[in-house]
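Thanks, everyone, for making the time. I would like to walk you through one model, starting with a pair of helices and then moving outwards, so please have a look at it first.

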Amino acid sequence: MKNGFQKFLLPGGGYISKDAEEIPKQGEKGKGYKPWEAFQKGIGKSVPLMLCEVKEKITSVFKTRFGKKPGVVSFAPGRVNIIGGHTDYNGGFVLPVALKQGTYIAGAKRKDKKIIVYSENLNEKEAWKTENYEKEESFGDFIRGILKFFPFEITSGFEAIIYSDLPMSSGLSSSAALEISFLYFLMGLEGRKIDKIEAVKIARRAENEFVGLQCGIMDQFTSVFAEEGHLLFLDTRNLKYKHIPFPNIWKIAVVDSGIRRELRTSEYNKRREECKMALKAVKSLYPEVMTLRDVSEEMLFEARKFMGNTAFRRAMHVISENQRVVEFVEYLGKMDLCMIEKTMKLAHQSLSEDFDVSLPELDFLVEAASSLPYVYGARLTGAGFGGSIVAIIKKGKEKKFAEEVEKEYMERFSRKASFIFSYPSFSAYYEYTS
Ligand code: GLA
C-alpha cells in the first residue's frame with residue numbers, strides 16, 4: 001500500500017509546519033488530551049492544525065488497512081537538545097525542548113492474542129503473539145521492549161499503525177518518541193494509568209535493557225514532561241526540572257546532515273564506558289563521588305595520572321558542559337544574546353574536540369549557521385556521529401536560513417541537508433477516537 005503521508009512531507013523529509021507557536025495547553029493529567037475539545041473549552045489559544053491533520057490522516061490509513069476505526073490514537077514528541085550533550089548519563093544538566101514533530105500510533109484491540117504492527121514510514125509489517133516474542137533488530141523491538149516492561153497484564157492482542165514525521169537516526173530522539181507514544185497508546189488500550197515518572201523509567205528500561213542503547217534519561221523525560229512554549233531544564237541527578245519560557249521571537253531550526261552512522265549504538269556505549277573509567281580514577285582519590293557531576297576540574301586534574309588521555313578529555317567535556325548549561329539558563333534569563341551564542345559555540349567545540357562525537361560535515365553546518373546574522377547560536381544535537389545540528393534563529397527567517405545553509409553545504413560536501421523548523425511543543429498524550 002502506498003504510504004498515505006507523503007503529501008505532508010517536504011522533499012528533504014521534514015516539513016515546514018503552519019505557524020503554530022500559540023500551542024494549546026494540555027488537558028488534565030492522565031486523561032487523553034483532545035486538542036479540539038481543549039480549543040472549544042478555551043483551554044488552548046489555537047489548534048496545532050498539523051497535528052489534527054496528521055491525526056485524521058492516521059485514523060483514515062488505519063481504517064483502510066484494517067477496515068475499522070482505531071480505538072486509541074497517541075502522540076509523543078521528538079526532542080532537540082539545545083545544550084547539555086552527553087551529560088544525562090553522568091548525573092548532569094540538560095536543556096532540551098520537545099518538537100512538534102513526533103510519532104503517532106493508531107490502533108484497536110483484537111479478540112485474540114495476536115499483535116500486528118505497521119510502520120507507515122518503512123512500509124513494513126511485523127506480527128507476533130502477546131506472550132511470545134524476542135528481540136529481532138527491527139522497528140518492532142521498541143514496541144516489544146515496552147510490552148516487556150509494561151507493569152500490567154496485556155489482556156488482548158491489537159493491531160496498530162505507526163507514523164512519524166521525525167527523521168530516524170538523525171539525533172531527534174525518534175526512538176524515545178516511538179517508545180513513549182506506544183506506552184501511552186497501551187495505557188489507553190488497556191485502560192491503565194501510569195505515573196509520568198514511571199512512564200519515563202519504563203521507556204528508558206526498554207531502550208537500555210531490550211533495545212540495547214545505554215542512553216540517559218533526557219529523551220524519554222522530555223517526551224513526557226515537556227510543556228508547550230518552554231525549554232525543559234532538567235537535573236538528571238534528582239530529576240528536578242523547571243520549564244523555562246522560550247522567547248517567542250525565536251524559532252528552532254534543525255539541520256539534518258543526512259549522515260547516518262551504523263556505529264551509533266556501539267560508539268555511544270563506548271563514550272559511556274570512557275566516562276566510567278574517568279569516574280573510577282577520580283573515585284580512587286575521592287570515594288564519595290557518585291557521578292561526574294560531583295567532580296570539579298581541580299579534582300579531575302588531580303586524578304589525571306590514574307586515567308588515560310581519552311577518558312580525561314571525555315570527563316573534561318562533561319564537567320565543562322554542566323557548567324555551560326547552568327550559565328546558558330542564566331544568559332537566557334537576561335537575554336544576553338552574545339553569551340548565548342558563545343556558550344553554544346563552546347559546547348559544540350567541546351563535543352567535537354574533547355568528546356569526539358562530531359564530523360567535518362557537522363562542524364561545517366554549525367559554522368555556516370552561526371555565521372548568519374539572524375542566528376543566535378548553533379551546535380550539534382543528539383548523540384552525534386552524524387545526525388543533526390540545532391540552531392536558534394529569528395522567527396520569520398526560516399526560508400532564508402534553509403536556502404543559505406543548504407547552498408553552502410551542497411557546495412562544500414555535495415550533500416543535501418534537510419530542515420525542520422519548530423517551536424517547543426507539548427508532551428505525549430493519547431485519546432480515544434470513539
Ligand atoms: C542520545 C541519548 C540521550 C543523551 C544524548 C546525548 O540522544 O538517548 O540520553 O545521552 O544522546 O546528549
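Let me begin with helix H11, residues 360–370, and helix H12, residues 398–413, which pack at an angle of about 145° with their axes 10 Å apart. The crossing in which H11 passes H12 is right-handed. As for who meets whom, H11 brings Glu-361, Phe-364, Leu-365, Ala-368 and Ala-369, and H12 answers with Val-405, Glu-408, Tyr-409, Arg-412 and Phe-413. Sorted by class, that contact of H11 with H12 holds seven nonpolar and three charged residues, and no polar ones.

Before going further I should say that this is a predicted model, and that the pLDDT averages 88 over the protein, with 87% of the residues scoring at least 70. The stretch to treat separately is residues 1–49, where the pLDDT is below 50, although in the model this stretch has 87 contacts beyond near neighbours in sequence.

Turning to the whole protein, there are 12 helices and 12 strands, and of its 434 residues 48% count as buried. If we take the contacts between residues at least 6 apart in sequence, 71% of them join residues at least 24 apart.

Finally, which residues surround the ligand? They are Asn-81, Gly-85, His-86, Asp-88, Tyr-89, Ser-173, Cys-215, Gly-216, Met-218, Asp-219, Gly-382 and Ala-383. By class, this shell around the ligand has six polar, four nonpolar and two charged residues, whereas the contact of H11 with H12 has no polar residues.

Note on methods. Residues numbered from 1 in each chain as written. Predicted model: local features only at pLDDT ≥ 70, side-chain atom pairs only at ≥ 80, totals over all residues. Near = placed C-beta within 6 Å. Nonpolar A, V, L, I, M, F, W, Y, C, P; charged D, E, K, R; others polar. Axes fitted to C-alpha atoms, helices over the stretch in contact; angles between N-to-C directions. Helix = DSSP H or I, 4+ residues; strand = E, 2+ residues; numbered from the N terminus. Left-handed = near helix turned anticlockwise from the far one by under 90°. Contact = placed C-beta atoms within 7 Å. pLDDT = per-residue confidence, 0-100. Buried ≥ 20, exposed ≤ 12 C-beta atoms within 10 Å, placed from the backbone.
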